[in-house]
Amino acid sequence: MPEIHVVQRDNRRLYESYLDPYFRLRHDIYVKQRKWMALDRPDGREIDQFDTDEAVYLFCIDDGQLIGAMRALPTLSPTLMSDIFPYLNVRGAIRRPDVYELSRVFVIPERRGEHAGPRVEMLLLTAIMEYGISIGLTGFSIVLESWWLPRFERIGWKAHPLGLPQMIDGMSVLAVLVDCDETTWRSLCSQIGVTRPTLTWRGLATLNRQALPDIFAPPPTTAQPAR
């Protein structure tokens, strides 16, 4: 099974060999394939103002090759939603320590769809939920294309729209807040047959993390009032 690595400021030096391919893959996918020409750069790397020291990346690595990734940003820092698309959130900017923004989710073309083992996309979506639980998050904000919503519903992600969809560069786009909770994480693990934590925290032994719940333990039940 591919490994999902947490990459952030404290351990980024350990992933130097993956960072240049990562930004080049983003350019290939978002500029060359998806034609988001506003992101085009002459050096062939897609890097924006949110790729800061605060950014956390999940790198999906299989046999030494980067095959997928995702970016997470603390909403206490500038985000896509707060600085580029504030009009998508009718409730105003989200600035909470327990909510991170997700963006730049991708899987390389040859690893999309069903292959041997779990889908890479599903592994990433499971892993980011595990990451959120581990550091005490309650939600993820996302600016996304509307076609993601039925996909989220199918896998059990609970996404709450923050405003109405709007057309941006020919795409229907909206802002959502997704719940980060143990129930969703357990469900995702079950769907892809994962029986252990999915994340690799290389070089982050001193990072304060919460203990994960036992995947096999039944979820807590709410006591019924006596009649």
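This is a short talk on the core, the salt bridges and the aromatic pairs of the structure above.

Hi everyone, thanks for coming. One thing before I start: this is a predicted model.

Let's begin inside. The largest nonpolar core has 73 residues. Which residues have the most contacts inside that core? They are Leu58, Phe59, Ile128, Phe140 and Trp157. Among the elements, helix H3, residues 120–135, gives the most to this core, with ten residues.

Leu58 is a nice one to click on. Set aside its neighbours within four places in sequence, and leucine 58 still touches Ile4, His5 and Val6, then Gly68, Ala69 and Met70, and also Leu124, Ala127, Ile128 and Leu199. Ile128 in that list is another of the residues with the most contacts inside the core.

Now to the charges. Side chains of opposite charge can pair when their charged atoms come close. In this model the count comes to 17 salt bridges, and I'll show you three.

Start with aspartate 20 and arginine 45, whose closest N and O atoms are 2.5 Å apart. Aspartate 20 is in helix H1, residues 16–33, while arginine 45 is in the loop between H1 and strand S2, so this bridge ties together parts that are 25 residues apart in sequence. Both ends are partly exposed: aspartate 20 at 31% relative accessibility, and arginine 45 at 23%.

Next, arginine 26 and aspartate 51 form a salt bridge, with 2.8 Å between the closest N and O atoms. Here too helix H1, which holds arginine 26, is linked to the loop between H1 and S2, which holds aspartate 51, and the two residues are 25 apart. Are these two buried or exposed? Arginine 26 is buried, at 0% relative accessible area. Aspartate 51 has 16%, and because the cut-off for buried is under 20%, aspartate 51 counts as buried as well. Both also belong to a network of salt bridges that links Arg26, Glu46, Asp48, Asp51, Arg71 and Arg104.

The third bridge joins lysine 158 and aspartate 181, at 3.2 Å from N to O. Lysine 158 sits in the loop between helix H4 and strand S6, and aspartate 181 in the loop between strand S8 and helix H5, so this pair ties together parts 23 residues apart in sequence. Lysine 158 is partly exposed, at 33%.

Last topic: the rings. There are 15 aromatic pairs by count. Tyrosine 22 and phenylalanine 59 make a tilted pair, 5.0 Å centre to centre with 40° between the planes. The two are 37 residues apart, with tyrosine 22 in helix H1 and phenylalanine 59 in strand S2. Tyrosine 22 is buried at 0%, and phenylalanine 59 is buried at 0% too.

Tyrosine 100 and tyrosine 131 are also tilted, at 6.4 Å and 55°. Tyrosine 100 comes from strand S4 and tyrosine 131 from helix H3, so here the parts tied together are 31 residues apart. Tyrosine 100 is buried, with 14% relative accessible area, and tyrosine 131 is buried, with 3%.

If you zoom out from tyrosine 22, you'll find a cluster that ring pairs build from Tyr15, Tyr18, Tyr22, Phe23, Tyr57, Phe59 and Phe106. One member of that cluster, tyrosine 15, has arginine 202 over its face, at 5.3 Å from the ring centre. Elsewhere, arginine 151 lies over the face of tryptophan 148, at 4.9 Å.

That's my tour, and I'm happy to take questions.

Key
Residues are numbered from 1 along each chain as its sequence is written. This is a predicted model: local features need pLDDT of at least 70, side-chain atom pairs count only at pLDDT 80 or more; totals for chains, interfaces and linings use all residues. Side-chain values use heavy atoms; hydrogens and water are left out. A nonpolar core is a set of buried Ala, Val, Leu, Ile, Met, Phe, Trp, Tyr and Cys residues joined through side-chain atoms within 4.5 Å. Buried means under 20% relative accessible area, exposed over 50%, partly exposed in between (1.4 Å probe, protein chains only). Helices (H or I, at least four residues) and strands (E, at least two) are DSSP runs, numbered from the N terminus. Contact means heavy atoms within 4.5 Å. A salt bridge is a side-chain nitrogen of Lys or Arg within 4 Å of a carboxyl oxygen of Asp or Glu. Rings of Phe, Tyr and Trp (its six-membered ring) pair if their centres lie within 6.5 Å; planes under 30 degrees apart count as stacked, over 60 as edge-to-face and the rest as tilted. A charge sits over a ring if NZ of Lys or CZ of Arg is within 6 Å of the ring centre and within 35 degrees of the ring normal.
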